[in-house]
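User: I would like to learn how to read the features of this model, one at a time. Please give me the idea behind each, then the case here.

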Amino acid sequence: MNLASSTSFCPASGGRAFFKIKPSILNLNATRKVSFRKNFPCSATLAADMTRVSEFEIENKKHYLLTAVQDTQRGLVASADQRSIIEEALVELEGYNTGAPIDLVKLDGTWRLQYTSAPDVLVLLELSARLPFLQVGQIFQKFECRDQSNGGIIRNVVQWSIPTLLEEQEGATLLVSAKFDVVSVRNIYLQFEEISVQNIKISEELQALIAPALLPRSFLSLQILQFIRTIKAQIPVRNPATPGRRSVGGLYYLSYLDGNMLLGRAVGGGGVFVFTKSQPLDL
């Protein structure tokens, strides 16, 4: 064993000099500490490496899920085998969020629907596929809860159109608004309040019919166009006769949430939902 040492010169009484060799305990301890650090990397480095591996696995599983739903037309034409594969991919992703409380800051914003098995949404998509006079565009969920501690507002947004009368895909907006409360670690309770139709955008063909471009547009025709654009039909869901009673609602289980993906399950067999983060909607 090599010991670090220090030397000192000591003259003897007979006139000869000799050296005393003293082991340096301080240097020995320092050597041991350096050796220990080399053999055992710090726990912070290991934790960082594990986090990177976990994030890489999650991104791969998210990519796999989005690939699986890609050709299903948001769930409308998904086969039994495809639904089984998608369910397995959902369960794998959900395992990474198990037990974690809902982060309302991450939840806040607009989410675009990529896939669902919810019957009420699939009926709407099927009608659009069958009826030539109805188009269903993008479907969103918009959460407003950034500055809240235990709930907020959720808006289900369906962009739709009637060909030749309204603009393609985004001719009008169906909006179903609800308040929500966080009732457990991952569950929120929805209380639906209002259904409305707004943001009506008539087609160029209809505009030309109401106010022909080749003729001087009268004040009346311009007023008609402006009136159509600002039409907003609202139907309250809450029963005004029983203000103390909860309106129509239900439980919604947010099974996975991060910065760019949201997975949800309507409790009671209402179906699953796959959303990705979208640009903000101006409603």
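**Strands and hairpins**

Analyst: Start with a hairpin: β10 and β11 form one with 4 residues between them, and Gly-268 in the turn has a positive phi of about 100°. Before going on, note that this is a predicted model, in which local features need pLDDT of at least 70, side-chain atom pairs count only at pLDDT 80 or more, and totals for chains, interfaces and linings use all residues. Residues are numbered from 1 along each chain as its sequence is written, and side-chain values use heavy atoms, with hydrogens and water left out.

User: How are strands and their pairing defined, and in which sense do β10 and β11 pair?

Analyst: Helices (H or I, at least four residues) and strands (E, at least two) are DSSP runs, numbered from the N terminus. Two strands pair if DSSP finds at least two bridges between them. Here β10 and strand β11 (residues 271-277) pair in the antiparallel sense over 6 bridges. Take Leu-263: its bridge partner in β11 is Val-274.

User: What lies on the other side, between β9 and β10?

Analyst: Strand β9 (residues 249-257) pairs with β10 in the antiparallel sense, over 5 bridges. Leu-263 appears again, as the β10 bridge partner of Tyr-256. β9 and β10 also form a hairpin, with 3 residues between them.

User: Is β10 largely enclosed or open, and why?

Analyst: Use relative accessible area: buried means under 20%, exposed over 50%, partly exposed in between (1.4 Å probe, protein chains only). In β10 (residues 261-266), 5 of the 6 residues are buried, so the strand is largely enclosed by the rest of the structure.

**Cores and a surface patch**

User: What is a nonpolar core, and which members of the largest one touch the most others?

Analyst: A nonpolar core is a set of buried Ala, Val, Leu, Ile, Met, Phe, Trp, Tyr and Cys residues joined through side-chain atoms within 4.5 Å. The largest here has 25 residues. Leu-107, Phe-143, Phe-180, Ile-188, Tyr-252 and Leu-262 touch the most other members. Another core lies apart from it, with 15 residues, including Ala-89, Leu-93, Tyr-115 and Val-274.

User: What is Ile-188 in contact with?

Analyst: Contact means heavy atoms within 4.5 Å. Leave aside neighbours within four places in sequence. Ile-188 is then in contact with Ile-102, Phe-143, Phe-180, Asp-181, Val-182, Val-183, Gly-250, Leu-251, Tyr-252 and Leu-254.

User: Which residues make a nonpolar surface patch?

Analyst: Patches are made of residues with over 30% relative accessible area and no salt bridge; like charges are joined within 9 Å, nonpolar side chains (Val, Leu, Ile, Met, Phe, Trp, Tyr) within 5 Å. Accessible areas come from the Shrake-Rupley method with a 1.4 Å probe; for residues, only the protein chains shown count as cover. Val-183, Leu-251 and Val-267 make a patch of about 230 Å². Val-267 sits in the loop between β10 and β11. This residue is partly exposed, at 47% relative accessible area.

**Salt bridges**

User: How many salt bridges does a search of the whole structure find?

Analyst: Side chains of opposite charge can pair when their charged atoms come close. The criterion is a side-chain nitrogen of Lys or Arg within 4 Å of a carboxyl oxygen of Asp or Glu. The search finds 9 salt bridges. In one of them, the side chains of Lys-62 and Asp-258 meet at 2.7 Å, N to O. This pair links distant parts of the chain, 196 residues apart: Lys-62 is in helix α2 (residues 43-69), Asp-258 in the loop between β9 and β10.

User: Are Lys-62 and Asp-258 buried or exposed?

Analyst: Lys-62 counts as buried, at 5% relative accessibility. Asp-258 also counts as buried, at 11%. A network of salt bridges links Glu-59, Lys-62 and Asp-258.

User: Where is the pair Asp-108 and Arg-146, and what does it tie together?

Analyst: The two side chains meet in a salt bridge at 3.5 Å, N to O. Asp-108 lies in the loop between α4 (104-107) and β3 (109-116), and Arg-146 in the loop between β4 (135-144) and β5 (151-161), so the pair ties together parts that are 38 residues apart in sequence. Asp-108 is buried, at 15%; Arg-146 is partly exposed, at 47%.

**Backbone**

User: What is the sign of phi at Gln-73 and Arg-74?

Analyst: Most residues other than glycine have a negative phi. Gln-73 has a positive phi of about 55° although it is not a glycine. Arg-74 has a positive phi as well, near 65°. Gln-73 is in the loop between α2 and α3 (80-94), and Arg-74 is found in the loop between α2 and α3. Arg-74 is buried, with a relative accessible area of 19%.
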